[in-house]
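Here's a quick tour of a few local spots worth a look in this structure. Pull up the model and follow along.

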Amino acid sequence: MKYFCLAAGLLCAGSLFAQPREIPFDSAGDFLKMPANIYFGEVAGVATTSKGNILVYTRTGGPNATLGASRIFFNGGSRLFEFSPSGAYVREIAPNLYAFLFAQGVKVDAQDNIWIIDRAAMMVVKINQAGFPILNLGRRPEAIGIAGGARGGGGGAAPGGPGGAAPGGGGRGAGAAPAGGAAPGGGGGGGGYGRGSGPPGSGTPGDNFQQPTDVAFDAQGNIFVADGYGNARIAKFDKNGKYIKSWGFKGADPGQFDTPHSIAVDAGGNVYVAEMGNKRIQVFDNNGTFKSAITNVGTPRAICISPGAHQYLFSSNSNEPDSPFDNGEIYKMELNGTVVGRFGHAGKVFKDLGTVNEIDCRDPNTLFVAELTNWRIQKLSLH
């Protein structure tokens, strides 16, 4: 960005008021056709398959409590729906799955497997096209003990965010809670199930998530999970779910994180992490070595990298629930952070955006956006 400035007798050339160009676009905001008497709640996630079908992971319905041998389990707070490319309802996938509690996001890998990220269940689950879970990373937290009083911090505060809290649980030592809601459980240290011994937010090795926020994959099938609330790290697994390593902890320096909320991987295997707390996108190589940071796109809540020979990076500038009409635009960038343009702004009508929590950009000129506060999916066509 160019600017003029006069400081200490020095003249700097340019203009402070240069703004990215506005990209024209159209919106199809009501094209998904739900069955009678089924409605979206806060729409946390959207993804498309190789055939163009649309998956929507939404905080729909109320959680139910089930009494176990020594614990209470909650389930049923979220649902996963599939639609045809034209928006016709196809099916509900894995209703009442054990991990469906507080939807955070959904992704589709190169083999068309479906991956859901659930914050309250503290799980990332791989589901095949038949609707069966075939790999789970993470474990549900311990809930309130039936005998002998509360266990492991007993029913701590649930994930925050717009629309109310979901059932929480103790058992996982929590670091500092992020803006927008307290993390489950109590304790301190590095956070994560069993509490880490490293710096705050570093968690414990493996799939001991605090509240995972996103998942991404490289060309070899390696799995990268953003463990973003309570913990502040990225965990890497091989294609079979074997833990490889993790990096990051709470902080603002390169390689540190504050609410890593979204993650994407480019064709070269570089890992992009959007941090809401530090208002930046950090770029790492495939092994977690810091490469660069992008800091000129507001508060990135959701990012997406388009496929193809020329990849683009999209990032939503999140508008928080307490300021729903601020910002809200989506930036289109080159992978090096150069802004190509931006589009949209916060609001309620179609073409407005309400806390975009996930973006699908399988086609760089056709985006699907999941909006928490507007309870909808919009299909955006860029010109």
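What follows covers a buried acid, a sheet and two threonines in a predicted model.

**The aspartate**

Start with Asp-112, which sits in the loop between strand E10 (103–108) and strand E11 (114–118). Asp-112 is buried, yet it makes no salt bridge. Why not? A salt bridge needs a side-chain nitrogen of Lys or Arg within 4 Å of a carboxyl oxygen, and the nearest side chain of opposite charge, Arg-362, is 4.6 Å away. What Asp-112 does have is a polar contact of 2.6 Å, side chain to side chain, with Ser-50. If you skip its neighbours within four places in sequence, Asp-112 touches Thr-49, Ser-50 and Gln-129.

**The sheet**

Next up is an open sheet of four strands, in the order E4-E5-E8-E9, with antiparallel pairing. Strand E4 (42–48) and strand E9 (89–93) are the edges, each pairing on one side only. From one strand to the next, the twist averages 25°. E4 and strand E5 (residues 54–59) run antiparallel and are joined by six bridges. To find your way around E5, look for Leu-55: Ala-47 stands opposite.

**Two threonines with positive phi**

Thr-259 has a positive phi without being a glycine, and so does Thr-355. Here they are side by side:

| Residue | Phi | Loop between | Relative accessibility |
|---|---|---|---|
| Thr-259 | near 60° | strand E19 (243–247) and strand E20 (260–265) | 7% |
| Thr-355 | about 55° | strand E29 (352–353) and strand E30 (356–363) | 1% |

Are these threonines buried or exposed? Thr-259 is buried, and Thr-355 counts as buried too, because the cut-off for buried is under 20% relative accessible area.

Methods:
Residues are numbered from 1 along each chain as its sequence is written. This is a predicted model: local features need pLDDT of at least 70, side-chain atom pairs count only at pLDDT 80 or more; totals for chains, interfaces and linings use all residues. Side-chain values use heavy atoms; hydrogens and water are left out. Buried means under 20% relative accessible area, exposed over 50%, partly exposed in between (1.4 Å probe, protein chains only). Lys and Arg count as positive and Asp and Glu as negative; His and the chain ends are not counted. A polar contact is a pair of N or O atoms within 3.5 Å; within protein, one must be able to donate a hydrogen and the other to accept it, and residues adjacent in sequence count only if both atoms are side-chain atoms. Contact means heavy atoms within 4.5 Å. Two strands pair if DSSP finds at least two bridges between them. Axes are lines fitted to C-alpha atoms, for helices over the stretch in contact, and angles run from 0 to 180 degrees between N-to-C directions.
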